[in-house]
Amino acid sequence: MDRQTVFLQLLAENAGRWRGIARVYDRQGAEDLLQEILLQIWRSLPGFRQQSSLKTWCYRVALNTAMTWRRSERARKTRLPIRDGFSPARIPSPPAEGDDTESLAKAMDQLPPADKAVLLLFLDEVSYADMSEILGITEGALRVRVHRIKKRLAELFGVKDDGL
Amino acid sequence: MDFDDIKRDWKSEVDRQAPSDEMDRFMKDVQERYQELEVTVYRRDLREIVAVLLAIGMFAALWPIYRSSPVAIAGVAIIMLGGLVIIYVLLSAQKPSSLPFDVSVVEYCRGRLAWLERQIRLLQTVAWWYMAPMAIGALLFEWGLAGRSAPAFGVAALVTLAVSVFIIYLNKYAVRQSLQPVRDELARLIEALQADDPDRA
């Protein structure tokens, strides 16, 4: 498959996930961050060597882009203006204020960037082995981290973890 | 609120599908932006080279004015060599766009941190690899041209030194205001990512 076909396939499968990551890491600038994530996915695609699954690979690119977004001088310098007729908002429509993702937003707002990434992967039911590959930390450390995040959310919001 | 609510919210984010009729147009937009991005990076490199080549060309054009002064010729030679050193340093500095995005988050952050530290070192030493050859060359050039006119040389030297100090200050300011906070934040992020890892180095 050529680069364009793979990208379109990834876009169809992950558009919502990438938008979600953009919204978690920069709610105000989610459109810009989503645009940057898509650009980095497109740029990085030729380097995909099938040593990991495409989902894991996409997560790495998206999280690397999102987690260093505020820190990235390059991103600010190379960000391109949105021209007429183009808006990443079209894929897919952003949820309105106070919509059904309020619990997620409330929980994420209380977490530091590293914990947000761990919680996102955990909520997406990514295995600990894949999480370890994506984040570059050991499975043992991830289990401790997940436990700590659950505990923190329980303290903050009285969240019960029976569901997970 | 419980974990089921949070999980359901995330699923609802993930399940939002892109409208299929927008895909082709969207693909085209991403490709265009990618090409523009590559051109932007290329233009930046080109601008640095053109600026130095223009300076070299300008001094070459001024040859009839200073050809009788060995001191001015030495100054111009230093400026030209300095220009080549500047081109080499700038072009050999790794561009941020060359950092791979598809490595693990910790690995990517470490790579980015290392790049930032190199950038900080580069800007902190700008007095030596950028300003020193340019300022020394300019002072010799001005001295050679001024001949016996001490006041003319004094004014030119003061302006040269003032511009040099200002450029050095601007670079140090950029390090303090822009790069160091970003570096510190990245270091904290790496620390936070590895906080629970018993095997961390």
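**Salt bridges, cysteines and one buried threonine: a reading lesson**

Q: Which residue forms a salt bridge with D109(A), and how far apart are the closest N and O atoms?
A: D109(A) pairs with R27(A), and the closest N and O atoms are 2.6 Å apart. This is a predicted model. Side chains of opposite charge can pair when their charged atoms come close.

Q: Where do D109(A) and R27(A) sit in the chain?
A: D109(A) belongs to helix α5 of chain A, residues 102-109. R27(A) is in the loop between α1 and α2 of chain A. The two are 82 residues apart, and the pair links distant parts of the chain.

Q: What is the relative accessible area of D109(A), and what is that of R27(A)?
A: D109(A) has 48%, so it is partly exposed. R27(A) has 41%, so it too is partly exposed. The cut-off for exposed is over 50%.

Q: How many salt bridges does the structure hold over all chains?
A: The total is 10 over all chains. One of them joins D124(A) to R17(A), with 2.5 Å between the closest N and O atoms. D124(A) lies in the loop between α6 (113-123) and α7 (128-135) of chain A, and R17(A) lies in helix α1 (residues 3-25) of chain A, so the pair ties together parts 107 residues apart in sequence.

Q: Are D124(A) and R17(A) buried or exposed?
A: Both are buried.

Q: Which residues does the salt-bridge network join?
A: Look for shared partners. Here R17(A), D124(A) and K11(B) are joined into one network by salt bridges that share partners.

Q: Which side chain meets R19(A) in a salt bridge?
A: That of E31(A), at 3.1 Å from N to O. R19(A) is in helix α1 of chain A, while E31(A) is in helix α2, residues 30-44 of the chain. They are 12 residues apart, and the pair links distant parts of the chain.

Q: Why does R19(A) count as buried, and why does E31(A) count as partly exposed?
A: Read the relative accessibility. R19(A) is at 2%, so it counts as buried. E31(A) is at 23%, so it counts as partly exposed. The cut-off for buried is under 20%.

Q: How many disulfides are there over all chains?
A: A disulfide is a covalent bond between the sulfur atoms of two cysteines. Here the count is 0 over all chains. For C58(A), the nearest cysteine sulfur is that of C109(B), 18 Å away. From C109(B), the nearest cysteine sulfur is that of C58(A). The cut-off is 2.5 Å.

Q: Are C58(A) and C109(B) buried or exposed?
A: C58(A) is buried, with a relative accessible area of 2%. C109(B) is at 0% relative accessibility and counts as buried.

Q: Where is T65(A) found, and what lies 2.7 Å from a polar atom of its side chain?
A: T65(A) is in helix α3 of chain A, residues 54-67. The backbone oxygen of V61(A) lies 2.7 Å from that polar side-chain atom. T65(A) has 3% relative accessibility, so it counts as buried.

Q: Which residues is T65(A) in contact with, leaving aside neighbours within four places in sequence?
A: In chain A they are L33(A), E36(A), I37(A) and Q40(A). From chain B comes F101(B).

Q: What ipTM and pTM does the predictor give the complex?
A: The ipTM is 0.78 and the pTM is 0.78. For chain B, the mean pLDDT is 85, and 90% of its residues reach 70 or more.

Definitions and conventions:
Residues numbered from 1 in each chain as written. Chains lettered and ligands numbered in written order. Predicted model: local features only at pLDDT ≥ 70, side-chain atom pairs only at ≥ 80, totals over all residues. Heavy atoms only, no water. Helix = DSSP H or I, 4+ residues; strand = E, 2+ residues; numbered from the N terminus. Buried < 20%, exposed > 50% of the residue type's maximum accessible area, 1.4 Å probe, protein only. Polar contact = N/O pair within 3.5 Å; in protein donor to acceptor, adjacent residues only side chain to side chain. Contact = heavy atoms within 4.5 Å. pLDDT = per-residue confidence, 0-100. Salt bridge = Lys/Arg side-chain N within 4 Å of Asp/Glu carboxyl O.
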